[in-house]
Amino acid sequence: MPSTEKLELREVLKEIKMSRAAFYRMRARGAAPKLIKLPNGHLRCRRSDLDAWWARHEMSA
């Protein structure tokens with residue numbers, strides 16, 4: 001069963017060791033992990049989406 005854990009953007013940035021600016025550039029290119037925008041404007045990433053993003057990049061390396 002996929003994890004339902006939701007990570008804050010700062011947690012995602014820490015895990016992938018990337019600055020916020022670099023992440024937003026990657027997001028603009030459509031290459032960032034899928035994010036959820038909450039009604040208050042905050043962003044979250046499902047753990048399962050981040051793990052899938054890691055897996056795609058491991059296979060292409």
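Select Arg-10 to begin: this residue is exposed, with a relative accessible area of 55%. The model is a predicted one. Add Glu-8 to the selection, and a salt bridge appears between the two side chains, at 2.9 Å from N to O. Glu-8 is partly exposed, its relative accessible area being 28%.

Keep Glu-8 on screen and bring up Arg-44. Arg-44 sits in strand E3. Is Arg-44 buried or exposed? Arg-44 is buried, and it has no salt bridge. Glu-8 is the nearest side chain of opposite charge, at 4.1 Å; a salt bridge here requires a side-chain nitrogen within 4 Å of a carboxyl oxygen, so the pair is not counted. To see the surroundings of Arg-44, leave out residues up to four places away in sequence; the residues it touches are then Lys-6, Leu-7, Glu-8, Lys-34, Leu-35, Ile-36 and Leu-38.

Now switch to a cartoon and show the strands. In what order do the three strands of the open sheet lie? The order is E1-E3-E2, and the pairing is antiparallel. Strand E1 (6-8) and strand E2 (36-37) are at the edges with a single partner strand each, so each has one side without a neighbour in the sheet. Between E2 and E3, look for two bridges in the antiparallel sense. Pick Lys-37 and Leu-43 to view a pair of bridge partners, with Leu-43 in E3.

Next, add helix H1. This helix lies across E1 and E3, and its direction makes an angle of about 85° with E1.

With H1 still displayed, turn to the nonpolar side chains. The largest nonpolar core has 13 residues, and those touching the most other members are Val-12, Ile-16, Phe-23, Met-26 and Leu-50. Colour by element to see where the core comes from: helix H1 (9-16), helix H2 (20-28), strand E3 (43-46) and helix H3 (47-60) each give two or more residues. H1 supplies the largest share, four residues. Centre the view on Ile-16. Which residues is Ile-16 in contact with, leaving aside neighbours within four places in sequence? They are Phe-23, Met-26, Leu-50, Trp-53 and Trp-54.

For the last stop, return to charged side chains. The model has five salt bridges in total. Select Arg-47 and Glu-5, whose side chains form a salt bridge with an N to O distance of 3.9 Å. This pair joins distant parts of the chain: Arg-47 belongs to helix H3 and Glu-5 to the segment before E1, 42 residues apart. Arg-47 is buried, at 17% relative accessible area, whereas Glu-5 is partly exposed, at 42%.

Hold Arg-47 and add Asp-51. Here the closest N and O atoms of the salt bridge are 2.9 Å apart. Asp-51 and Arg-47 are four residues apart in helix H3, so about one helical turn separates them. Asp-51 is partly exposed, with a relative accessible area of 37%. Finally, add Glu-15 to the view. Which residues are linked with Glu-15 in a network of salt bridges? The network consists of Glu-5, Glu-15, Arg-47 and Asp-51.

Notes: Residues are numbered from 1 along each chain as its sequence is written. This is a predicted model: local features need pLDDT of at least 70, side-chain atom pairs count only at pLDDT 80 or more; totals for chains, interfaces and linings use all residues. Side-chain values use heavy atoms; hydrogens and water are left out. A nonpolar core is a set of buried Ala, Val, Leu, Ile, Met, Phe, Trp, Tyr and Cys residues joined through side-chain atoms within 4.5 Å. Buried means under 20% relative accessible area, exposed over 50%, partly exposed in between (1.4 Å probe, protein chains only). Contact means heavy atoms within 4.5 Å. Lys and Arg count as positive and Asp and Glu as negative; His and the chain ends are not counted. Two strands pair if DSSP finds at least two bridges between them. Axes are lines fitted to C-alpha atoms, for helices over the stretch in contact, and angles run from 0 to 180 degrees between N-to-C directions.
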